Amino acid sequence: MNPFFSPKLPVILKPFILSLLLSLSFLAFLSLQTPRHTHQPATATTHASDLRIRPGYASYDAYIQRQLNKTLNPKLRKIWTTRDWTRKVRVFSQFFASLQQRGLLHNESKALCIGARVGQEVEALKRVGVPDSVGMDLVPYPPLVVEGDFHHQPFDNETFDFEFSNVFDHALYPWQFAAEIERTLKPGGVCVLHVAVSKRADKYSANDLYSVGPLLKLFKRCEVVEVRGVDGFGLDTEVVHTLSGAIAFAAKKVKG
């Protein structure tokens with residue numbers, strides 16, 4: 001028995017209830033005929049980025065402290081300055097000699113090594129005949145390495161002819177890392193980065209790179225010279241840029 005037409009209902013309500021049921025049925029029919037337009041989140045229609053910033057830093061100070069935990073680790077610093085020293089200086093020397101042979105590094109170049117720790121790459125540059133070389137890191141290591149943050153290099157605009165780094169994965173703000181290189185590099189200068197693409201970087205890294213595409217896009221004023229494979233202390237790709245002198249400098253550093 002249909003409950004809406006129970007004998008207990010007043011007669012006058014029965015036509016009203018019947019009309020209501022018919023209206024609801026008609027609306028349901030229309031809803032099935034009308035195309036559905038749903039709003040999809042942006043992430044549903046875009047591919048995951050090949051440059052991913054690692055979460056977990058409550059502040060920039062927390063990020064810096066995390067990096068210092070590695071840089072100031074007594075055991076690591078002892079290794080870097082003893083048993084690792086000769087091997088790394090030798091391998092870096094081979095990298096830089098190759099760049100010299102390809103015309104990308106010259107004896108008269110003013111060179112900067114970014115994130116140089118205790119300065120093995122700086123020593124290597126000097127040994128291959130590039131004496132005007134210096135390193136930069138959060139913790140200085142005189143006379144090879146001066147104090148500095150690669151997000152805010154402590155150098156004037158257009159200072160260096162050559163900049164090298166193998167610590168891109170430690171940049172919390174990769175776009176700022178690249179912008180500072182472009183700011184301090186002279187027009188026509190060369191930037192060489194060694195990065196890990198085919199595998200995850202170490203536990204102190206602040207970003208992960210899954211292809212060279214995002215890295216190339218970070219450099220707004222540079223032209224790509226070459227991208228090639230290397231075997232550099234866990235890093236597998238060498239990316240070489242040269243700074244174009246034809247593009248107007250847009251972000252001059254304000255001198256204090």
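Here are some exercises with worked solutions on this predicted model.

**Exercise 1. Getting an overview**

Find out how many helices and strands the chain has, and what share of its residues count as buried.

*Solution.* Start with the secondary structure: there are 8 helices and 9 strands in the chain. Next, turn to burial, where 45% of the 256 residues count as buried. Then look at the surface: about 14,300 Å² is exposed, and carbon and sulfur atoms supply 59% of that area. Finally, consider the contacts between residues at least 6 apart in sequence: 66% of these join residues at least 24 apart.

**Exercise 2. Checking confidence**

Work out what the mean pLDDT of the chain is, and how many contacts beyond four places in sequence the model has for residues 26–48.

*Solution.* Begin with the whole chain. Its mean pLDDT is 82, and 77% of the residues reach 70 or more. Now go to residues 26–48, where pLDDT stays under 50 and the model has 0 contacts beyond four places in sequence. Residues 246–256 also have a pLDDT below 50, but this stretch has 16 contacts beyond near neighbours in sequence.

**Exercise 3. Exploring the cores**

Identify which residues touch the most other members of the largest nonpolar core, and which strand gives the most to this core.

*Solution.* A general idea helps first: in soluble globular proteins, nonpolar side chains tend to be buried together. In this chain, the largest nonpolar core has 32 residues, and F150, F168, F177, L193, L215 and F219 touch the most other members. Next, ask where the members come from. Elements that each supply at least two residues include helix 3 (60–71), strand 2 (111–114), helix 7 (174–184) and strand 9 (235–243). Strand 6 gives the most, with 4 residues.

Now zoom in on F177. Leaving aside residues up to four places away in sequence, F177 touches I114, F150, H151, S165, F168, A171 and L193. A second, separate core has 27 residues, among them L104, C113, A116 and F162.

**Exercise 4. Following strand 9**

Determine which strands are joined to strand 9 by bridges, and in which direction the partners run.

*Solution.* Take strand 6 first: 6 bridges join strand 6 to strand 9, and the two run antiparallel. In this pairing, V190 stands opposite T242. Then take strand 8 (residues 222–232), which 8 bridges join to strand 9, again in an antiparallel arrangement. Here E226 stands opposite V240. Strand 8 and strand 9 also form a hairpin, with 2 residues between them.

The last step concerns burial. In strand 9, 9 of the 9 residues are buried, so the strand is largely enclosed by the rest of the structure.

**Exercise 5. A helix in its surroundings**

Decide how many residues of helix 7 are buried, and name some of them.

*Solution.* Count first: 8 of the 11 residues are buried, so helix 7 is largely enclosed by the rest of the structure. Then pick out examples. The buried residues include P174, F177, A178 and I181, and also E180, E182 and R183.

**Exercise 6. Two cysteines**

Explain why the sulfur of C222 is not bonded to that of C191.

*Solution.* Search the whole structure for disulfides, and you find 0. Next, check the distance: C191 is in no disulfide, and the nearest cysteine sulfur, that of C222, is 6.3 Å away. A disulfide needs the two sulfur atoms within 2.5 Å. At 6.3 Å, the sulfur of C222 is therefore too far from that of C191 for a bond. To finish, look at burial: C191 counts as buried because its relative accessibility is 0%, and C222 counts as buried at 12%.

**Exercise 7. Spotting backbone features**

Find where P143, E158 and F233 lie.

*Solution.* Keep a general pattern in mind: most residues other than glycine have a negative phi, and most peptide bonds are trans.

- P143 lies in the loop between strand 3 and strand 4 (145–147). A cis peptide bond joins P142 and P143, with omega about 0 degrees.
- E158 is in the loop between strand 4 and strand 5 (160–165). Phi of E158 is positive, about 55 degrees, although E158 is not a glycine. With a relative accessibility of 32%, E158 counts as partly exposed.
- F233 is in the loop between strand 8 and strand 9. Phi of F233 is also positive, near 55 degrees. At 28% relative accessibility, F233 counts as partly exposed.

Definitions and conventions
Residues are numbered from 1 along each chain as its sequence is written. This is a predicted model: local features need pLDDT of at least 70, side-chain atom pairs count only at pLDDT 80 or more; totals for chains, interfaces and linings use all residues. Side-chain values use heavy atoms; hydrogens and water are left out. A nonpolar core is a set of buried Ala, Val, Leu, Ile, Met, Phe, Trp, Tyr and Cys residues joined through side-chain atoms within 4.5 Å. Buried means under 20% relative accessible area, exposed over 50%, partly exposed in between (1.4 Å probe, protein chains only). Contact means heavy atoms within 4.5 Å. pLDDT is the predictor's confidence in each residue, from 0 to 100. Accessible areas come from the Shrake-Rupley method with a 1.4 Å probe; for residues, only the protein chains shown count as cover. Two strands pair if DSSP finds at least two bridges between them.
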